[in-house]
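Here is an informal walk through one protein model, written for someone who likes to see the numbers next to the picture. Have a look at the structure first, then read on.

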Amino acid sequence: MIEQLTVALRDLTQEQRGTAVESGWLSSAGTWVYQVWSHEKHSLEVDSTREPITSEYLLKVLGELKQLATSEVISAFFSNRPMTEHMQGHMIVFQLDVTFRKPVAHRFYELLETMQGQASMQLCGLQLRKEGFRRSPAVQKLAELLR
């Protein structure tokens, strides 16, 4: 996914750039905005609390993420439902677990936070968000069994 987004950003055509501006992902100054979900409008809108970033900076972040994505940093990456040849539905959720035992893992996590809400990910139909404060389904099931 990191590689796909890197290619999409690097090979962005003028037509795609225009679509990104029209969609509100890319500012007229050529920087990529951050988006946040609006419960009132039921859509993503520009997050005015975060500064937009340049394509060059995004490519640097993606390059570092790719370099740091090792088994020492990522403890799990999987789809929350079985992958089949003919997937249906508008979304596939993946879970990424990051360890925190090494400084490189902390750096990886910081870079993921940089990408969270980043509108440029819309180029590949991606969205990144932290898991909420709810317990994972496995932990919930274990808690039920222990009651």
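Let's start with a side chain on the surface: Arg 107 is partly exposed, with a relative accessible area of 32%. Keep in mind throughout that this is a predicted model. Arg 107 pairs up with Glu 110 in a salt bridge, at 3.6 Å from N to O. Both residues sit in helix α4, three residues apart, so about one helical turn separates them. Glu 110 also counts as partly exposed, at 30% relative accessibility. The story doesn't end with that pair, though: Glu 64 joins Arg 107 and Glu 110 in a network of salt bridges.

**The wider set of salt bridges**

How many salt bridges does a search of the whole structure find? The search turns up five. Here are some of them, with their N to O distances.

| Pair | Distance (N to O) |
|---|---|
| Lys 66 and Glu 3 | 2.5 Å |
| Lys 102 and Glu 72 | 3.7 Å |
| Glu 110 and Arg 107 | 3.6 Å |

Take the salt bridge between Lys 66 and Glu 3. Lys 66 belongs to helix α3 (residues 55-68) and Glu 3 to helix α1, so this pair ties together parts that are 63 residues apart in sequence. Lys 66 is partly exposed at 49% relative accessibility, and Glu 3 is partly exposed too, at 34%.

Next comes the salt bridge that joins the side chains of Lys 102 and Glu 72. This pair also links distant parts of the chain, 30 residues apart: Lys 102 is in the loop between β4 and α4 (103-115), while Glu 72 is in the loop between α3 and β3. Lys 102 comes out as partly exposed at 39% relative accessibility, and Glu 72 gets the label partly exposed with 46%.

As for charge overall, the protein has 16 positive and 17 negative charges, and their mean positions are 8 Å apart.

**The overall fold**

Zooming out, the protein has five helices and four strands. In sequence order the pattern reads α-α-β-β-α-β-β-α-α. The C-alpha trace spans about 55 × 40 × 40 Å along its principal axes. Of the 147 residues, 27% are buried.

If you think in contact maps, consider the contacts with a separation of 6 or more: 48% of them come from residues 24 or more positions apart.

**Around helix α1**

Glu 3 has already taken us to helix α1, and two other residues there are worth a look. Is Thr 6 buried or exposed? Thr 6, which is in helix α1, counts as buried because its relative accessibility is 13%, and the cut-off for buried is under 20%. Leaving out residues up to four places away in sequence, Thr 6 touches Leu 59 and Leu 62.

Val 7 lies in helix α1 (residues 2-10) as well. Val 7 is partly exposed, with a relative accessible area of 29%. Val 7 also makes a nice example of chain folding: Cys 124 is 117 residues away in sequence, yet the two C-alpha atoms are 9.8 Å apart in space.

**The surface and a loop oddity**

The protein exposes about 10,700 Å², and carbon and sulfur atoms supply 54% of that. Which residues form a nonpolar patch on the surface? Met 1, Phe 77, Met 83, Ile 92 and Phe 94 do, with about 470 Å² of accessible area together. Among them, Met 83 is found in the loop between β3 (74-79) and β4 (94-98).

One backbone detail deserves a mention if you check torsions. What is the phi of His 42? His 42 has a positive phi of about 55°, although it is not a glycine. His 42 is in the loop between β1 (35-38) and β2 (43-46). With a relative accessible area of 60%, His 42 is exposed.

**Pulling it together**

Helix α1 shows up in several of these details: Glu 3 in α1 is tied to Lys 66 in α3, Thr 6 touches Leu 59 and Leu 62, and Val 7 has its C-alpha 9.8 Å from that of Cys 124. Elsewhere, helix α4 holds the pair Glu 110 and Arg 107, and these two are linked with Glu 64 in a network.

How values were computed. Residues are numbered from 1 along each chain as its sequence is written. This is a predicted model: local features need pLDDT of at least 70, side-chain atom pairs count only at pLDDT 80 or more; totals for chains, interfaces and linings use all residues. Side-chain values use heavy atoms; hydrogens and water are left out. Patches are made of residues with over 30% relative accessible area and no salt bridge: like charges are joined within 9 Å, nonpolar side chains (Val, Leu, Ile, Met, Phe, Trp, Tyr) within 5 Å. Accessible areas come from the Shrake-Rupley method with a 1.4 Å probe; for residues, only the protein chains shown count as cover. A salt bridge is a side-chain nitrogen of Lys or Arg within 4 Å of a carboxyl oxygen of Asp or Glu. Buried means under 20% relative accessible area, exposed over 50%, partly exposed in between (1.4 Å probe, protein chains only). Contact means heavy atoms within 4.5 Å. Lys and Arg count as positive and Asp and Glu as negative; His and the chain ends are not counted. The place of a charge is taken as NZ of Lys, CZ of Arg, CG of Asp or CD of Glu.
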